[in-house]
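Q: Please take me through this protein in order. I would like to begin with the empty spaces inside it.

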Amino acid sequence: MKYVCSIKGGGIRGIIPCCVLAALEKQTGKLARESFSYVAGTSTGSLLAAGIAAGIPASQLLAVYTTRSKQVFSPAGLFADAVMVSRGYKYESINLCAVLHDVFGAAVNWKMNDCPIGILISATAANDHNWFFVKDGPKNAKTTGTVGLLDAATASSAAPTFFDPWTVEVQGKKMAFFDGGAGGLANPCYQTCVEMFQYDTFTPEETRVVSLGTGYYPGSDMPPKGLLATIEWATDTLVDTSEDWMDKAVARQWPGVAQKFDWLLPSGIAMDDLSAVSALLSVGQTAAASMDWEKVLS
C-alpha cells in the first residue's frame, strides 16, 4: 500500500498539521518522507509538503512556525492593514522565501524533479488559471518538473491581500502566481488523486490518502462589517469553502481512498494571527496525542 499526505491551506494554522506530523515521526522513529510515497499541499500546506519532500523533520518545521513567523508576517497590526489599503497586500513574499532559504539547506536549489517522492503544489496564476506543480511523469505534460521547489511553495502561499504575487519561470516564461486557494484549491486532495491516478502510476486500489486540515471554526450568520473585515472574510472564504466539498468529491469518486482529519478551533483565527500561536499549539498537541499513526497507516 502506498500512503499519501495532503495538507490544506490556512496560514499560521499550519501549526496544527505540523504537530500531527511531528507525532508521526515520533511514533514511527523515521522522517515523514519515509512514511509517504506522495505529498501535496496548498499555501501553508505547500510549505509542509515541500519540507517533507526535502527530508526536514517536522519538529524543525514546527520551530519555524513558532519562532520565525514574525519575519514573514511583518509589519503587523494596524500598520499592516494600512499598508494593505495602500498597495493591495500586507506582506512581502520575498520575506517568506528568505526564511525558506534558511531552512531548506541542501535542498534550497532543488527542482520539483529532485524530490525523491511524488509531490503536488497548487497555485493560481494571475491570469486566473490553476496550476499544479508536479514532477515530470510518464503520462503528464512535463511542464513543471524544472520549476524550483521553493518557488512553487512560495507561489502557492502568496494569498491575495496578504502577500504580493510570486514570479515563477515555467518553460522560459515568467508568470505571476497567487495562493492555490485563490483558485478554489485550498484543499488539494481531489487534484492529488487526479494527478496520481490519471497522470502517474498510482492506482486507487493500492493508495490511501491522509488529508490533514488546519482547523475550522463555525462561521457567523451575520455579514462582516467594514472594508477590512470584508476583505478578510473574502480571503478566508477562498480557503474554507473548498475544504469539505473536495473531500466529499474524493469520497464519491474513489470510495475508501481518503481519510480526513481536521480539528475544531477555540475561535475564529485569521491566517496571519500571530497572537494565536499558543492556542494553535494547544490544538495541535491535542490533535497529535489523538492520532494513532500505526492504525492510520495500516
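A: A cavity is a set of points, on a 1 Å grid over the protein atoms alone, where a 1.4 Å probe fits but cannot get out; lining residues have an atom within 4 Å of a point. This is a predicted model, in which local features need pLDDT of at least 70 and side-chain atom pairs count only at pLDDT 80 or more, while totals for chains, interfaces and linings use all residues. Residues are numbered from 1 along each chain, and side-chain values use heavy atoms, without hydrogens and water.

Q: How many cavities of 30 Å³ or more does the structure hold?

A: The structure holds two of them. The largest cavity has a volume (the space filled by probe spheres set on the points, which are joined across faces, edges and corners) of about 330 Å³.

Q: Which residues lie nearest the centre of the largest cavity?

A: They are Thr 44, Leu 47, Tyr 65, Val 72 and Leu 96, out of 23 residues that line the largest cavity.

Q: And which helices supply its lining?

A: Helices H2 (44-53), H3 (58-72) and H5 (93-104) each give at least two residues to the lining of the largest cavity. The largest share, six residues, comes from H3. Helices (H or I, at least four residues) and strands (E, at least two) are DSSP runs, numbered from the N terminus.

Q: Now the pockets. How much space lies in the second largest pocket?

A: The second largest pocket holds about 230 Å³ of space. A pocket is an open set with protein on both sides within 12 Å along at least five of seven lines.

Q: What lines the second largest pocket?

A: Its lining has 18 residues, and those nearest the centre are Asp 81, Lys 90, Tyr 91, Glu 232 and Asp 272. Helix H4 (77-87) and helix H8 (227-253) each contribute at least two residues to this lining. H4 gives the largest share, four residues.

Q: Which residue forms a salt bridge with Asp 81?

A: Asp 81 pairs with Lys 90, and their closest N and O atoms are 3.5 Å apart. A salt bridge is a side-chain nitrogen of Lys or Arg within 4 Å of a carboxyl oxygen of Asp or Glu.

Q: Is Lys 90 buried or exposed?

A: Lys 90 counts as buried because its relative accessibility is 8%. Buried means under 20% relative accessible area, exposed over 50%, and partly exposed in between (1.4 Å probe, protein chains only).

Q: How many salt bridges are there in the structure?

A: The structure holds six salt bridges. One of them joins Lys 2 to Glu 206, with 3.5 Å between the closest N and O atoms. This pair links distant parts of the chain: Lys 2 is in strand E1 (residues 2-7), whereas Glu 206 is in the loop between H7 and E7, 204 residues apart. Lys 2 is partly exposed at 27%, and Glu 206 is partly exposed at 27%.

Q: Which residue meets Glu 92 in a salt bridge?

A: Glu 92 meets Arg 87, at 3.0 Å from N to O. In addition, salt bridges that share partners join Asp 81, Lys 90 and Asp 272 into one network.

Q: A change of topic: why is helix H7 described as largely enclosed by the rest of the structure?

A: Eight of the 11 residues of H7 (residues 189-199) are buried, so the helix is largely enclosed. Among the buried ones are Cys 189, Val 194 and Phe 197.

Q: Finally, where does Pro 218 lie?

A: Pro 218 lies in the loop between strand E7 (207-212) and H8. Pro 218 is exposed, with a relative accessible area of 53%. Its C-alpha atom is separated by 7.9 Å from that of Gly 268, although the two residues are 50 residues apart along the chain.
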